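Dear colleague,

I am passing on the structure we spoke about, and below it you will find my notes on what turned up. Please read them with the sequence and the 3D view open beside you.

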Amino acid sequence: MSTNRFQLTEERKAHYGRFIRQFRNNQKAVIGLGIIVVLFFVAIFAQKIVVPYIDVTIQPFSLVPHDPEATNVQNREQAPSMEYLMGTDNLGRDIFSRVLAGARISVLVGFTSISIAMIFGTTIGIVAGYYQGLVDEGLMRAMDAMMSFPPILLALTIVAVMEPNLVNLILALAFVYTPFIARVARSAALSVRNESFVEAAVARGESDTYIIFREVLPNCVGPLLVQGSINIAFTMLLEASLSFLGLGVQPPTSSWGLMINQGWAFMGDAPWLVFFPALAIATAVIGFNLLGDGLRDVLDPKGEIIE
Amino acid sequence: MGDTDNPTDTPSSDGPSRRLFMKAAAAGVPIALAGCASDVDDIETDGELLWGGSVPVQSLDPHFESAAATARVLENITQGLVRVNWDYELEPALAESWEYSEDNTEVSFSLREGVSFHDGSEFTSSDVLASFERIEEREGLAADYMSRVDSMDAPDDYTFEMVLTEPFAPLLSRMATSHMHILPAEQAEQEQGAFSEPIGTGPFQFESMEIDSEFVMVKYDDYWDGDLPYLNRVTKTEIPDDDNRLNTFRSGELDFINDVPPRHAESLEDDPDIDFVERFPKSLVYLGVNCTEEPFDSRDARLALEYAIDKDEVMEAALYGQGQVAASPAAPDSEWEHPDLEPRPRDLEKAQEHLDAAGYPDGFEATFKIPQQYNDQVTAAQLIESQASEVGIDLDIQMITWSNWLSDVYTDQEFQATTSSYLGLWFPDAGFHRPLHSEGAFFFTGWEDEEYNDLIDSARLSYDIDERAPIYHEAAELLKERRSGHILLYWMPTLMARTPNVTGEVMSPDGSTFRFDEVQFE
């Protein structure tokens with residue numbers, strides 16, 4: 001058995017090498033990853049990092065040229081200039097700084113909500129796919145029920161019923177995207193379940209938990225990564241939409257959606273209030289979409305890393 | 001300027017009249033070439049005014065509907081016994097004259113003869129009696145004012161008499177609002193919501209309405225007041241989005257719009273193809289704090305917050321300089337306004353002193369609930385948040401819908417700080433009693449002060465302006481000194497735009513409704 005595992009690891013190593021080579025050769029994936037790396041860099045270093053609850057502030061360096069929340073009414077609605085690269089908004093705040101600071105909200109919301117959705121969705125999907133039968137029926141019909149609502153409507157209802165704030169927004173988005181992840185996880189698990197190595201594990205008498213997490217899960221990672229990265233793009237859009245509707249992030253925190261919400265009225269004579277945050281949303285969404293598409297191309301569409 | 005509640009006082013001509021001020025503000029707009037409006041000239045000569053409205057008309061029951069948008073159109077359809085003029089005085093409407101007894105507890109109205117309702121029936125004292133009984137018995141919006149009425153009588157068709165339990169000066173002013181307008185007895189016998197088309201005596205009659213979309217009223221041919229109205233038809237299209245409304249107007253599809261976004265005021269003033277009209281004041285915007293719980297149960301905490309706010313900058317940011325910073329809830333330029341009371345200026349040192357005194361030397365946190373549909377308040381709130389953070393007061397902004405504001409803030413008092421506004425403060429009782437007296441109809445901040453309540457109660461008993469005005473001045477000082485739950489921010493004007501061929505005053509002197517009877521096309 002130990003020999004068997006050793007060989008498997010060797011095989012995996014070779015496989016990862018192949019994966020990286022193919023990824024490097026895939027232009028879409030590389031551009032997408034590049035955008036996301038920049039986005040994360042901006043999100044982390046745009047402003048000082050305040051760790052909640054323990055009150056620690058970290059700031060290695062600051063990317064924002066101005067305080068994104070500092071108002072200056074005398075200086076409002078300035079067109080883009082060298083001082084204010086993207087102009088100022090109706091309270092005289094620097095839009096460039098706010099766009100940079102807004103990256104943190106987008107990344108935070110997109111990443112945390114999809115992470116939560118991944119944990120729950122994957123568990124639900126794999127359990128359903130592995131056990132099949134009634135468990136499958138029960139879980140997947142519940143997921144279908146959740147998916148029968150348009151995502152924005154469901155998220156909007158949840159946030160409106162709870163209070164509109166950042167934590168509830170993340171929870172609502174995680175809830176909305178869980179069934180999407182679960183469906184992908186289930187279909188991957190269904191195909192993996194019939195592989196001979198799973199049958200072998202069953203024959204060895206391994207526990208269900210072992211098989212689910214050590215045999216099935218690693219072989220579903222590919223399609224889940226693809227789904228996850230594309231869904232991050234969707235959650236970022238949804239966050240922007242909810243903030244645009246006034247149900248997401250609350251002012252004065254800068255979020256791209258909220259910036260568009262507040263700049264909307266100025267479209268006619270100060271379009272930069274809307275244009276730059278909109279550009280930022282578009283760029284981030286394209287980044288995650290490219291990465292997702294690239295990953296799909298590189299990974300076997302069936303999600304079988306081990307051949 | 002005179003006593004709004006004293007009918008025997010004839011319109012005075014001394015003092016700087018608000019009317020003159022308005023005229024000066026509106027004058028000097030040259031009528032230019034027809035320009036972009038030429039293609040709709042044909043429609044305009046029919047006498048149909050196309051109005052782009054900001055807030056949709058709600059239900060049309062004058063005695064029960066509190067929405068300002070409804071009052072704005074009802075002002076033209078139904079009428080009261082009296083109405084307000086530009087000097088904040090009451091003038092005859094359906095009553096030609098009225099007289100008080102010696103002790104001011106009995107009032108007798110001589111009603112106008114030859115007035116007919118839109119259904120053709122004649123207006124008599126029985127209609128007045130039925131309307132007021134409806135308000136009292138079915139608890140209309142003005143029911144608290146009717147509770148001071150001991151008995152009512154209609155001895156003949158054109159005489160109506162009321163006996164009051166005690167002198168009650170604000171009653172007649174209240175009669176000038178749509179909440180006490182007169183309906184025909186037949187309608188007045190019906191309960192709330194029983195009819196959807198109000199029948200009135202006004203210059204226009206209800207034609208049709210599609211909720212959130214369109215409201216139409218047409219000329220009433222047998223209107224009692226001379227040749228009025230000049231227009232045949234007023235069609236209100238509901239366009240709640242500010243910029244959309246303005247752009248639709250600029251494209252020539254509308255003759256008149258209200259609630260022009262303040263930041264466009266300057267460019268409209270300079271536009272020869274547009275007649276920009278500013279009327280003052282429309283509403284009073286304030287920062288309300290909950291005085292029943294921490295931190296704002298402490299006067300020092302309230303003062304600290306007020307000292308942290310630069311009201312001039314807030315007004316500039318929210319209204320682009322089109323408003324006026326407020327010091328008291330009395331209408332600006334009225335006798336009720338305290339002549340020397342100044343708004344509390346920003347002073348960060350004093351803010352810190354009061355924070356120390358309140359026991360929050362490092363500041364405090366408070367939720368700040370903002371009704372999101374009011375752009376000026378959303379902007380003001382963000383600036384206030386920024387200013388307050390400089391003294392360590394951390395306001396946590398939560399933008400909420402208007403219906404949530406009504407349920408959370410007003411009904412349940414689940415708030416620490418909020419912003420909102422009041423309309424129709426042209427008579428002092430509306431500004432001083434309704435929101436600030438602990439028995440007021442719109443009291444929600446929990447600031448209870450016996451001395452203040454007594455003052456306002458005593459003002460209600462007095463019919464003499466020289467006696468009454470100083471009481472309100474003293475009350476305004478008290479509000480500022482004890483820092484009531486309403487930190488007043490600014491007075492907001494009504495900003496309107498119309499095509500230059502539209503003439504005649506549109507604004508009603510109450511500052512929040514419109515009168516279309518004298519409007520015409522040239």
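Phe123(B) counts as buried in this predicted model, because its relative accessibility is 0% and the word buried is used for anything under 20%. In chain B, Phe123(B) lies in the loop between strand 5 (106–111) and helix 4 (125–137). If residues within four places in sequence are set aside, the contacts of Phe123(B) include Leu81(B), Leu94(B), Leu111(B), Val115(B), Phe117(B), Val128(B) and Ile182(B), and also Arg112(B), Ser116(B), Tyr158(B) and Thr201(B). As a distance to try out in the viewer, the C-alpha atoms of Phe123(B) and Asp510(B) are 25 Å apart, although 387 residues separate the two along the chain.

Chain A has eleven helices and two strands, and when it is read along the sequence the order is α-α-β-β-α-α-α-α-α-α-α-α-α. Its C-alpha trace spans about 75 × 45 × 40 Å along the principal axes, and of the 307 residues in chain A, 46% are buried. When contacts in chain A between residues at least 6 apart in sequence are taken together, 69% of them join residues at least 24 apart.

Within chain A, Asp94(A) deserves a look of its own. This residue is found in the loop between strand 2 (56–58) and helix 3 (95–131). Asp94(A) is buried and yet has no salt bridge, since the nearest side chain of opposite charge, that of Arg98(A), is 9.0 Å away, whereas a salt bridge would need the nitrogen and the oxygen to be within 4 Å. Not counting residues up to four places away in sequence, Asp94(A) touches Pro65(A), His66(A), Tyr84(A), Leu85(A), Gly87(A) and Thr88(A).

How many residues does each chain give to the contact between chain B and chain A? Chain B gives 18 residues and chain A gives 22 residues. The area buried between the two chains is about 1,700 Å², and carbon and sulfur atoms give 45% of that area. On the side of chain B, Arg263(B), Gln382(B) and Met399(B) lose the most area to chain A, and together they account for 33% of what that side buries.

The count between chain B and chain A is two salt bridges, and in one such pair the side chains of Asp269(A) and Arg263(B) meet at 2.9 Å, N to O. Eight residue pairs are in polar contact across the interface. The elements of chain B that give two or more residues to the side touching chain A are helix 11 (311–319), helix 13 (375–389) and strand 15 (394–400), and helix 13 gives the most, with six residues. Sorted by class, that side of chain B has six nonpolar, six polar and six charged residues.

Arg263(B) also comes up in connection with Ala265(A), which sits in the loop between helix 10 (256–263) and helix 11 (272–298) of chain A. Leaving aside neighbours within four places in sequence, Ala265(A) is in contact with Asp243(B) and Arg263(B). Is Ala265(A) buried or partly exposed? Ala265(A) is partly exposed, because its relative accessible area is 21% and buried would require a value under 20%. From Ala265(A) to Ala240(A) the distance is 17 Å, C-alpha to C-alpha, with their places 25 residues apart in sequence.

With best wishes

How values were computed
Residues are numbered from 1 along each chain as its sequence is written. Chains are lettered from A and ligands numbered from 1 in the order in which they are written. This is a predicted model: local features need pLDDT of at least 70, side-chain atom pairs count only at pLDDT 80 or more; totals for chains, interfaces and linings use all residues. Side-chain values use heavy atoms; hydrogens and water are left out. Contact means heavy atoms within 4.5 Å. Buried area is the accessible area (1.4 Å probe) that two parts lose on being put together, summed over both. A polar contact is a pair of N or O atoms within 3.5 Å; within protein, one must be able to donate a hydrogen and the other to accept it, and residues adjacent in sequence count only if both atoms are side-chain atoms. Helices (H or I, at least four residues) and strands (E, at least two) are DSSP runs, numbered from the N terminus. Ala, Val, Leu, Ile, Met, Phe, Trp, Tyr, Cys and Pro count as nonpolar, Asp, Glu, Lys and Arg as charged, and the others, Gly among them, as polar. Buried means under 20% relative accessible area, exposed over 50%, partly exposed in between (1.4 Å probe, protein chains only). Lys and Arg count as positive and Asp and Glu as negative; His and the chain ends are not counted.
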